[in-house]
Amino acid sequence: MDLMIKGKKAIMAGGSAGMGRATAERLAEAGADLVISARGQERLQKAAEEIAGKYGVSVTPVVADSSTEEGRQALFAACPDPDILVITIKPPDPNGDFLKVTPDMWRESVDTALIGPIEIMRNYIPAMKEKGWGRIVNIATFSAKNPMIWRLMSGPARSALLNYTASVSREIAPHGVILNNLLPGMFATEGASEIMEAYADAFGLEPEREIVRAHFKEHNHIPVGSMGDADDLAPMAAFLCSGLARFIVGQNIVIDGGQHSSIF
């Protein structure tokens, strides 16, 4: 399928690993030139070199934390006028006790999962509107619509992001700028592995991989029988960034192996 984005400029904010890296690869495969950002320089540089070498497109790495103003400015300077913008963030640590959530923890969650994406979109939407073409995809979380106490630092801020994008998407669609969200469920990515100890702590478990896996499986029934891989999401992300997605506006598409039982 021709996604009709060959030669387009795409930003993948959070593109060094996991779902961000997989999405960057699908965009590169379709012929888009990339700017990928992340906080860790070594992994980011390696990802950029591998994607460029594999697909023959331009890939510019930008070391930046998009939850900070400084990080966002670095991204804006590297690519002032993208055609495509995809945003994802590192998942926050699981939470075991809502009574221990402090105002500072809420502020960090909101800065990372709400204000960061909003400010990036707010910067780039005017240029997309002027060109009459743009695609924006937020890779959020299904806990934004499926509340889970241990995802308390992730779900509420992302629910607010969904509310924001539902309104903004209808305002910018007449200008050819299409905005949607993906809501992934439980994925076996680098980010998920990095929060294993925090997950164990949240549930009072020994931080051993097999113990955590067994507990996770017991408390998170996934009908397909396994956690997702990054490539279970990336094709949909790339499609929403394509010229074929002009009639999909302001949607929140759950990709979770059937875990969330809802008809909407």
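These are my notebook entries on the strands, helices and a few side-chain contacts of this structure, which is a predicted model.

**Entry 1, the sheet.** I began with the strands and found an open sheet of seven, paired in parallel and ordered β3-β2-β1-β4-β5-β6-β7. I then asked which strands stand at the edges. They are β3, residues 59-63, and β7, residues 252-255; each has a single partner strand, so one side of each is left without a neighbour in the sheet. Ignoring direction, I noted that neighbouring strands in this sheet are turned against each other by 15° on average.

**Entry 2, the β7 edge.** I looked up how β7 is held to its partner, and found four bridges joining it to β6, residues 177-184, with the two strands running parallel. In this pairing P184 stands opposite I255 of β7.

**Entry 3, helices across the sheet.** I next followed two helices over the strands. Helix α3, residues 69-78, lies across β1 (9-13), β2 (33-38) and β3, and runs at about 160° to β3. Helix α4, residues 103-131, lies across β1, β4 (84-87), β5 (134-139) and β6, and its angle to β4 is about 170°.

**Entry 4, α3 against α4.** Having placed both helices on strands, I checked how they meet each other: their axes come within 11 Å and cross at roughly 30°. That angle makes α3 roughly parallel to α4, and the crossing is right-handed. From α3 the residues are R72, L75 and F76, which meet G116, E119, I120, N123 and Y124 in α4. Sorted by class, this contact of α3 with α4 has four nonpolar, two polar and two charged residues.

**Entry 5, the aromatic pair.** I searched for paired rings and found that the structure holds one aromatic pair. How do the rings of F76 and Y124 stand to each other? Their centres are 5.3 Å apart and their planes are at 90°, so the pair is edge-to-face. The pair links distant parts of the chain, with F76 in helix α3 and Y124 in helix α4, 48 residues apart.

**Entry 6, α4 against α5.** I went on to helix α5, residues 155-172, which packs with α4 at an angle of about 15°, the axes being 9 Å apart. This makes α4 roughly parallel to α5, and I recorded their crossing as right-handed. The α4 side of the contact includes W106, V110, L114, I118 and M121, and among the residues on the α5 side are P156, L161, Y164, V168 and I172. By class, the residues of the contact of α4 with α5 divide into 15 nonpolar, two polar and two charged.

**Entry 7, α1 against α2.** I turned to helix α1, residues 18-29, and helix α2, residues 41-55, whose axes come within 10 Å and cross at roughly 25°. The two are therefore roughly parallel to each other, and their crossing is right-handed. R21, A24, E25, R26, A28 and E29 in α1 meet A47, E50, I51, K54 and Y55 in α2. I counted classes here too: five nonpolar, no polar and six charged residues make up the contact of α1 with α2.

**Entry 8, a loop residue.** Last I looked at F98, which lies in the loop between β4 and α4. Which residues is F98 in contact with, leaving aside its neighbours within four places in sequence? They are I149 and L152. F98 and I149 are 51 residues apart in sequence, while from C-alpha to C-alpha they are 7.3 Å apart in space.

How values were computed:
Residues numbered from 1 in each chain as written. Predicted model: local features only at pLDDT ≥ 70, side-chain atom pairs only at ≥ 80, totals over all residues. Heavy atoms only, no water. Pairing = 2+ DSSP bridges. Axes fitted to C-alpha atoms, helices over the stretch in contact; angles between N-to-C directions. Contact = heavy atoms within 4.5 Å. Parallel < 35°, antiparallel > 145°, perpendicular 65-115°, else oblique. Left-handed = near helix turned anticlockwise from the far one by under 90°. Nonpolar A, V, L, I, M, F, W, Y, C, P; charged D, E, K, R; others polar. Phe/Tyr/Trp six-rings, centres within 6.5 Å; stacked < 30°, edge-to-face > 60°.
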